[in-house]
Amino acid sequence: MNINGRNKIIKHHQYAIEFVRSLNNLREEQWRRKIEEGKWTVAEIIGHLIPWDEFIINNRLPYLFSVQELPIGPDVKTLNATSAHNAREQEKKVIITDFILVRSELLQKIEGIPDIRWKEEITIGQTTLNLYDYFEGLAEHDQHHFNQIKEILHKK
């Protein structure tokens with residue numbers, strides 16, 4: 001891992017903030033549109049990213065380079081279902097503002113990680129990887145959802 005990998009992760013989070021900020025321009029119908037039948041709406045997609053960012057901030061970053069064991073992650077289905085439900089009931093402005101605030105905090109913490117730490121191996125459950133690979137996986141998850149949103153918004 002070199003400095004370019006770290007910068008790639010930082011740029012991704014800067015992009016994510018701007019992408020979600022741009023969703024303020026969506027009409028309510030677009031914001032509440034399902035990406036396809038049986039799938040989430042744009043609101044639910046963005047809404048589910050917030051608690052995951054909070055989890056990383058509170059239950060991953062403080063423990064990654066300590067001798068303390070990582071806290072057990074939440075049940076994925078439960079967290080996603082709860083966050084999607086909450087997004088259905090929240091205003092667009094609230095969801096977008098919350099995303100930007102939490103993602104900005106995550107970005108600030110990422111920027112504060114010393115370069116040397118990005119090369120160290122971390123273990124999450126049964127998986128061992130370096131910090132760049134961990135954050136790259138999260139960025140790929142974001143990008144998957146952002147691509148879904150772009151695709152649905154380009155359909156008439």
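**Helices, core, salt bridges and pocket of the predicted model**

In helix α5, the buried residues are K92, I95, I96, F99, I100, V102, R103, L106, L107 and I110. The structure described here is a predicted model, and the values that follow are computed from it. The 20 residues of α5 should span 28 Å at 1.5 Å a residue, and the end C-alpha atoms of the helix are indeed 28 Å apart, so the expected and modelled spans agree. A corresponding agreement is found for α3, whose 18 residues should span 26 Å at 1.5 Å a residue and whose end C-alpha atoms are separated by 26 Å. Of the 18 residues of α3, 14 are buried, and this helix is therefore largely enclosed by the rest of the structure.

Attention turns next to the nonpolar interior. In soluble globular proteins, nonpolar side chains tend to be buried together. The largest nonpolar core of the model comprises 43 residues, among which L23, W31, I46 and F135 touch the most other members. At least two residues of this core are supplied by each of α1 (3-22), α3 (42-59), α5 (92-111), β1 (121-124) and α6 (131-154). The surroundings of I46 illustrate how parts of the chain meet: when neighbours within four places in sequence are left aside, I46 is in contact with V20, L23, W31, I95, F99, F146 and I149. Of these contacts of I46, I95 and F99 also belong to the buried residues of α5, while L23 and W31 are among the core residues that touch the most other members.

The loop between α1 and α2 (28-31) contains L26, which is buried, with a relative accessible area of 10%. Apart from its neighbours within four places in sequence, L26 is in contact with W31, V42, K92 and L153; of these, K92 is listed among the buried residues of α5. By contrast with these contacts, the C-alpha atoms of L26 and L49, which are 23 residues apart along the chain, are separated by 18 Å.

Charged side chains were examined as well. Side chains of opposite charge can pair when their charged atoms come close. The count of salt bridges in the model comes to 10. One of them joins K8 and E136, with the closest N and O atoms 3.5 Å apart, and this pair links distant parts of the chain, since K8 lies in helix α1 and E136 in helix α6, 128 residues apart. Both partners retain some accessibility: K8 counts as partly exposed at 46% relative accessibility, and E136 likewise counts as partly exposed at 21%.

A further salt bridge is formed by D53 and R103, for which the closest N and O atoms are 2.5 Å apart. This pair, too, links distant parts of the chain, with D53 in helix α3 and R103 in helix α5, 50 residues apart. Both D53 and R103 are buried. The side chains of E120 and R117 also meet in a salt bridge, with a distance of 3.0 Å from N to O; here E120 is partly exposed, with a relative accessible area of 29%, and R117 is partly exposed, with a relative accessible area of 27%. In addition, R27, E29 and R33 are linked in a network of salt bridges.

The largest pocket has a volume of about 280 Å³, and of the 18 residues that line this pocket, W52, F55, I56, Y134 and L138 are the closest to its centre. At least two lining residues are supplied by each of α3, α5, β2 (127-130) and α6, with α3 contributing the largest share, five residues.

Two further positions, V76 and P71, may be placed relative to these elements. V76 lies in helix α4 (residues 76-89) and is partly exposed, with a relative accessible area of 44%. Although V76 and W52 are 24 residues apart in sequence, their C-alpha atoms are 9.5 Å apart in space. P71 lies in the loop between α3 and α4 and counts as partly exposed at 21% relative accessibility. When residues up to four places away in sequence are not counted, P71 touches N59, R60 and Y63, and the C-alpha atoms of P71 and I124, 53 residues apart along the chain, are separated by 9.5 Å.

Key: Residues are numbered from 1 along each chain as its sequence is written. This is a predicted model: local features need pLDDT of at least 70, side-chain atom pairs count only at pLDDT 80 or more; totals for chains, interfaces and linings use all residues. Side-chain values use heavy atoms; hydrogens and water are left out. A nonpolar core is a set of buried Ala, Val, Leu, Ile, Met, Phe, Trp, Tyr and Cys residues joined through side-chain atoms within 4.5 Å. Buried means under 20% relative accessible area, exposed over 50%, partly exposed in between (1.4 Å probe, protein chains only). Helices (H or I, at least four residues) and strands (E, at least two) are DSSP runs, numbered from the N terminus. Contact means heavy atoms within 4.5 Å. The expected span of a helix is 1.5 Å times one less than its number of residues. A salt bridge is a side-chain nitrogen of Lys or Arg within 4 Å of a carboxyl oxygen of Asp or Glu. On a 1 Å grid over the protein atoms alone, a cavity is a set of points where a 1.4 Å probe fits but cannot get out, and a pocket is an open set with protein on both sides within 12 Å along at least five of seven lines; lining residues have an atom within 4 Å of a point. Grid points are joined across faces, edges and corners, and a volume is the space filled by probe spheres set on the points.
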